[in-house]
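Me: I'd like to learn how to read a protein structure, one feature at a time. Can we go through one together?

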Amino acid sequence: MSQFISPDLVISAYRGGVFPMADPSEPESIFWFSPDPRAVIPLTAYRVPKSVRRVVRKGKFVTTTDQKFEAVIKKCASREETWISDRLIELYLALHERGVAHSVETWCDEQLVGGLYGVAIGGAFFGESMYHDVPNASKVALADLIGRLLVSGFVLLDTQYLTAHLERFGAVEITREQYLRQ
């Protein structure tokens with residue numbers, strides 16, 4: 001792991017609204033981002049999409065937390081083009097060992113088929129990435145995460161950037177100023 005980028009530095013950056021990413025063209029370099037606007041899922045207004053509620057009711061998937069963190073982050077990184085470098089995986093594994101980084105795993109027939117990971121600091125969860133090997137597995141993981149955050153009194157679910165997929169879950173953009181206040 002880089003002597004310059006420690007888990008403590010990453011935690012401090014998150015507290016200041018900044019997160020690390022690697023550039024696929026420079027996988028050993030880590031860059032810092034603080035987008036404006038910033039995407040969040042307002043937890044108090046969250047509603048599980050009907051299609052996801054149907055999938056959950058069918059009982060096809062089982063979810064767990066922090067059982068396969070390393071497998072989840074490596075699956076999230078195993079794309080043709082990824083911002084999750086080996087150096088970042090090392091950093092997030094160190095954060096997981098400290099109890100700061102967490103995963104939600106989705107299982108089907110005792111096989112890991114989807115999941116997500118992120119960082120929890122105070123009342124904020126910073127979602128980093130999600131993946132699925134079968135349809136709806138990552139959606140179920142996200143719905144499970146949000147339920148857990150609500151029960152645990154979290155106030156912020158940071159999704160960093162707005163995507164059409166996250167919009168279906170109620171993600172909205174807010175200004176950096178609004179974000180930092182939250």
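Me: Let's start with aspartate 144: which residues does it touch, not counting residues up to four places away in sequence?
Reply: Contact means heavy atoms within 4.5 Å. By that test, aspartate 144 touches Thr63 and Val104, once residues up to four places away in sequence are set aside. One caution: this is a predicted model, where local features need pLDDT of at least 70, side-chain atom pairs count only at pLDDT 80 or more, and totals for chains, interfaces and linings use all residues. Residues are numbered from 1 along each chain as its sequence is written, and side-chain values use heavy atoms, with hydrogens and water left out.

Me: Where is aspartate 144 placed, and does it count as buried or exposed?
Reply: Helices (H or I, at least four residues) and strands (E, at least two) are DSSP runs, numbered from the N terminus. Aspartate 144 sits in helix 5. Buried means under 20% relative accessible area, exposed over 50%, and partly exposed in between (1.4 Å probe, protein chains only). Aspartate 144 has 18% relative accessibility, so it counts as buried.

Me: What about leucine 95: buried or exposed?
Reply: Leucine 95, in helix 4 (residues 86–97), is buried, as its relative accessible area is 0%. Leaving aside neighbours within four places in sequence, its contacts are Pro7, Val10, Ile11, Val100, Ala101 and Val119. Leucine 95 and isoleucine 11 are 84 residues apart along the chain, yet 8.4 Å separates their C-alpha atoms.

Me: How many helices and strands does the chain have, and what share of its residues is buried?
Reply: The chain has seven helices and nine strands. Buried residues make up 48% of its 182 residues. Among contacts between residues at least 6 apart in sequence, 68% join residues at least 24 apart.

Me: How do I find empty space, and what volume does the largest pocket have?
Reply: Rolling a probe the size of a water molecule over the atoms shows where empty space is left. On a 1 Å grid over the protein atoms alone, using a 1.4 Å probe, a pocket is an open set of points with protein on both sides within 12 Å along at least five of seven lines; lining residues have an atom within 4 Å of a point. A volume is the space filled by probe spheres set on the points, which are joined across faces, edges and corners. Here, the largest pocket has a volume of about 410 Å³. It is lined by 20 residues, and the closest to its centre are Glu128, Ser129, Met130, Thr159 and Leu166.

Me: Which element gives the largest share of that lining?
Reply: That's strand 7, with five residues.
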